[in-house]
Amino acid sequence: MCNNLISLTSLNNSLIIRPPGFHIVGFETLPFISVYFIFLSFVYVVTVMFNSLVIYVIAFNHCLHSPKFLAVINLAVIDIVLNTTTIPGMVKIFLVKDNFIPFNLCLVQMFSYYCSLGLESFALAILAYDRLIAICLPLRHNSVNTLQSMSCIIGFTWSFSVGVTAFSTGIMTQLSFCKSVRVFSYFCDYAPVFRLACNDYTMQWSAASFLSFMILGGPFVFIILSYVTILVTVFRMRSLDSRVKALATCGEHVILVAVFYVPIITIFTLGFFLRLTDPDQRVLSLSLASCIPPCINPIVYSLKTKEIKMRAVALLRRNFGHPLWYLA
C-alpha cells in the first residue's frame, strides 16, 4: 500500500522517497481559530484593495511616473503577491477542512512566499535608497536617481530574489521523506519541511541560513547605514526647518521598516537558529508578522504621500460622489 502512496526516484545512486504531498497542521491546536481566519480574510481584502488603489493611481497619472513612485508601485505589487501566497490557502484549509497540499504545489508555495518575502525586504531598502539620495545629494538627485537607474535596481532585486529562492527550493527535491508528512506551520514552510526528511539536510539548512542573511540581514543593514548617513547629513543642516522637513519625509518609512523587520528577524532568530519559541507561538507570530505589513504599507506610507493622496481622493470623489470616508 505504501508503494502506491509514494514515488521513488534515484539520485546519486541513493533512493529518494517523495510523498504525494504534505498536511499543513499549524493551526490545529490554536483556540479561537475561526476568529483568526475571519481577521486574516479582512487583512487580505484590505491588502488587495488599498494596494490596487495605489497601483492604479500611479499607473494612470503620468506625473507620478518618477523613480520614487516606481519604488512605491513595486512595493504595492509585492504586498499583494506576498499575502496571496499564504492567506487564501489558510482560509481554504479552514473552510474546506482540507489541509493537504500536493508535493509540487508545496514547492511552488514555498518559492512564492520566500521570493516575495525577499522582495519585500529589498523594496523597503530601495525606498531607503530613494530617501538617502534625496536628502544627502539634493542637487544631484535627478541625475543620480533616474527612472532608468531605479528600474535597473528593481530588476536586479527581482532577479536575485528569484534566483536564490529557486535554488533553495530546488534542492528540496534531493530530500527523502519516509516518515511524517505533517508540516507544523501555516504553509509549506522551508525549515519545518526539510526537518521532516530522513536523509541529511545540511545543504538545505545552509541554504536557509544564507537566504535569511541575504534577504533580511543585507537590506536591513543597508537601511540602518542609510539612516545613519541621513541623520549625519540632517544634523549638519543649519536651518531647523530644513532638519524637520527632511526627517518628516522619513517617518512613515521608519514605521514600515520597524513593523516588517523587528518581528520577522526576532522570529527567525529565536525559532530557526536558536529554536527557543513554542511551535504554536511561532506559527501565530510568523503568520501575523508576514501578513500585517503588506496590509498596512499602503495605509501608513503610500496613501500618506501627498501626491498619491490627492489623486486617490479625487478618484474616489469622481467615482463615488462625496464618499463617507476619505484618506485622512
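Two disulfides were found in a search of the whole structure, which is a predicted model. A disulfide is a covalent bond between the sulfur atoms of two cysteines. Counting bonded cysteines along the chain, the pattern is 1-3, 2-4.

One disulfide is formed by C106 and C188, with sulfur atoms 2.0 Å apart. This pair links distant parts of the chain. C106 belongs to helix α4, residues 103-136. C188 sits in the loop between β5 (182-183) and α7 (190-194). The two cysteines are 82 residues apart. The link of C106 and C188 is left-handed, with -115 degrees about the S-S bond. Both C106 and C188 are buried.

Another disulfide joins C178 to C198, with an S to S distance of 1.8 Å. Here, too, distant parts of the chain are linked. C178 lies in the loop between α6 (147-170) and β5. C198 lies in the loop between α7 and α8 (202-235). The separation of C178 and C198 is 20 residues. The link is again left-handed, with -130 degrees about the S-S bond. C178 is partly exposed, at a relative accessible area of 40%. C198 is also partly exposed, because its relative accessibility of 33% falls between the limits of 20% and 50%.

Some cysteines require separate mention. C152 is in no disulfide. The cysteine sulfur nearest to that of C152 belongs to C115, 19 Å away. For C291, the closest cysteine sulfur is that of C295, at 9.5 Å. This is too far for a bond, because a disulfide requires sulfur atoms within 2.5 Å. C291 is buried, with a relative accessible area of 1%.

Charged side chains were examined next. The count comes to two salt bridges. One salt bridge pairs D98 with K92, and their closest N and O atoms are 3.8 Å apart. This distance is within the 4 Å cut-off, so the pair counts as a salt bridge. D98 is partly exposed, with a relative accessible area of 33%. K92 is partly exposed as well, at 34% relative accessibility.

The other salt bridge pairs D130 with R131. The closest N and O atoms of D130 and R131 are 3.1 Å apart. Both D130 and R131 are buried. Each therefore has under 20% relative accessible area.

Definitions and conventions
Residues numbered from 1 in each chain as written. Predicted model: local features only at pLDDT ≥ 70, side-chain atom pairs only at ≥ 80, totals over all residues. Heavy atoms only, no water. Buried < 20%, exposed > 50% of the residue type's maximum accessible area, 1.4 Å probe, protein only. Helix = DSSP H or I, 4+ residues; strand = E, 2+ residues; numbered from the N terminus.
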